[in-house]
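Thank you for making time this morning. I would like to walk you through one model, element by element, and I will explain the terms as they come up.

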Amino acid sequence: MTKYDFTTIPNRLEHNSVKWQEIKENPHKLPLWVADMDFLALPEIKQSIHDYADYGVYGYAYVEDSLIESVKNWEKNQHQYEFSKESLILVEGVVPGIGLAIQALTKENDAVLINTPVYPPFARTVKLNNRKLVENALLEKNGEFLIDFKTFEKDIVENSVKLYILCNPHNPGGRVWTKEELLKIGQICQKHNVLLVSDEIHQDLTLFGHEHHTFNKIAPDFKEFSVLLSSATKSFNIAGVKCAYAIIENKNLREKYLQRRLMNNQQEISSLGMLATQVAYNKGAQWLSELKEVLEKNITYVESELHQKTKIKVMKPQGTYLVWLDFSDYKLNDKELDKKLSEEVEVILNKGASFGQAGQAHARLNAAAPFSLIEEATKRLVETFAI
């Protein structure tokens, strides 16, 4: 028996939702794109925000030790990762945290490597900071993404790469990288003096028996060249409150990161973000467990229906709530595919091409919504793309 409500569809049209604003002109459309959830948040978070609002004063806030301890305890209990208080740095978001790392740890025109397809802000942030973007294409085999370690190392050497941004679990493919893969990644970076930034924001959302492996735990010395980034925001649907954290165990890297954060005046964190994060980590374990059961049901349904009744190839995620769909068998160019999805299916998905060249003829579906929405969206895809 479940304790929490994952069936109610909240009305988000009147609350400045980026995800739902797209349907104002056509309410029949279903938005399954932006990576936030259409579930009501943990009730304890809602209550804590009510209590904060009732207080009536909303000035500057400092970081309490109790928040630091809640993050440390969560990492220890959920991911068996322990680190010092000094290693933890709060930032307003994981993407801003990536930007800080690029600015603090590389120089203009330095080469930064990413795997593609990948979350669009990776490439954007590298380019906007005047660094050289190096794209290493992932391989697709047996319905999952793999790293071609030969070309990975070749790209690093030939471009004199200074920093590598890892996405673990991977967005949009949902790969949860294994210990063996992470060990190879770390060894290659170590061999060529490449710093590593690991985006682990989806670490709590591993599914179907897969286990997340924190990069710093793979080998004792990996923490000497890494910046880990994570947050409660994806796991608990609180992205709007703006709070994330970096874990940097190497003192030299940490000091450079802190100095850049100060230079950018990014040291102040939202009071609501700190509050919601602490409550999520202190009281949200059961909610998260129930959420993952709902996500597994939704994803399994999408995969089964599309596999049986269409030629859409579904990459079943090992983590995240994001489903990578391959429409290449329909021989549509990206413009034709986007138009078909928007006008015929009337479902809004993320455009595959935004994740890099390898995303052509693909789209990303967000499965974090009540089953009734997922069922309807899947039905529409089947009707339009039926075999």
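Let me begin with a term that we need straight away: a crossover is right-handed if, with the strands pointing away from the viewer, the path from the first strand over the helix to the second runs clockwise. Helices (H or I, at least four residues) and strands (E, at least two) are DSSP runs, numbered from the N terminus. With those two conventions in hand, we can say that β3, helix α4 (residues 121-128) and β4 make a right-handed β-α-β unit.

Before going further, a word on the source: this is a predicted model, in which local features need pLDDT of at least 70 and side-chain atom pairs count only at pLDDT 80 or more, while totals for chains, interfaces and linings use all residues. Residues are numbered from 1 along each chain as its sequence is written, and side-chain values use heavy atoms, with hydrogens and water left out.

Let us stay with β3. How many residues of strand β3 (residues 111-116) are buried? Six of its six residues are, where buried means under 20% relative accessible area, exposed over 50%, and partly exposed in between, with a 1.4 Å probe and protein chains only. Ala111, Leu113 and Asn115 point one way from the strand, whereas Val112, Ile114 and Thr116 point the other way.

Strands of a sheet pair through backbone hydrogen bonds, either parallel or antiparallel, and here two strands count as paired if DSSP finds at least two bridges between them. β3 pairs in the parallel sense with strand β4 (residues 132-137) over six bridges, and in that pairing alanine 111 has lysine 132 as its bridge partner. β3 also runs parallel to strand β7 (residues 161-167), to which four bridges join it, with tyrosine 164 of β7 as the bridge partner of leucine 113.

In the loop between β3 and α4 we find proline 117, and the peptide bond that joins threonine 116 to proline 117 is cis, with omega about 0°. A second cis bond runs from asparagine 171 to proline 172, with omega near 25°, and proline 172 has its place in the loop between β7 and α6 (179-191). For context, most residues other than glycine have a negative phi, and most peptide bonds are trans.

Now to helix α8 (residues 251-263), whose 13 residues reach 18 Å from first C-alpha to last, close to the 18 Å expected at 1.5 Å a residue; the expected span is 1.5 Å times one less than the number of residues. Which residues of α8 are buried? They are Leu253, Arg254, Tyr257 and Arg261. They cover an arc of only 100° around the axis, so they sit on the same side of α8, the arc being that of the directions from the helix axis to the C-beta atoms. These buried residues pack against β2 (88-91), α3 (94-105), β8 (195-199), β9 (226-230) and β10 (244-247). Just after α8, asparagine 265 takes a positive phi of about 55°.

Leucine 105, which is found in helix α3, is buried, with a relative accessible area of 14%. Leaving aside neighbours within four places in sequence, leucine 105 is in contact with Leu163, Leu195, Val227, Leu253 and Lys256, where contact means heavy atoms within 4.5 Å. Leucine 105 and leucine 195 are 90 residues apart in sequence, yet 8.1 Å apart in space, C-alpha to C-alpha.

Further along the chain comes helix α10 (residues 285-309), whose 25 residues should span 36 Å at 1.5 Å a residue, and whose end C-alpha atoms are 37 Å apart, which agrees. Its buried residues include Trp287, Leu291 and Leu295, and among the elements that cover the buried residues of α10 are α1 (43-55), α2 (65-79) and β12.

That brings us to an open sheet of four strands, in the order β11-β12-β15-β14, with antiparallel pairing. The edge strands, β11 (313-315) and β14 (350-351), each pair on one side only. Between strand β12 (residues 322-326) and strand β15 (residues 362-366) there are five bridges in the antiparallel sense, with leucine 365 as the bridge partner of valine 323.
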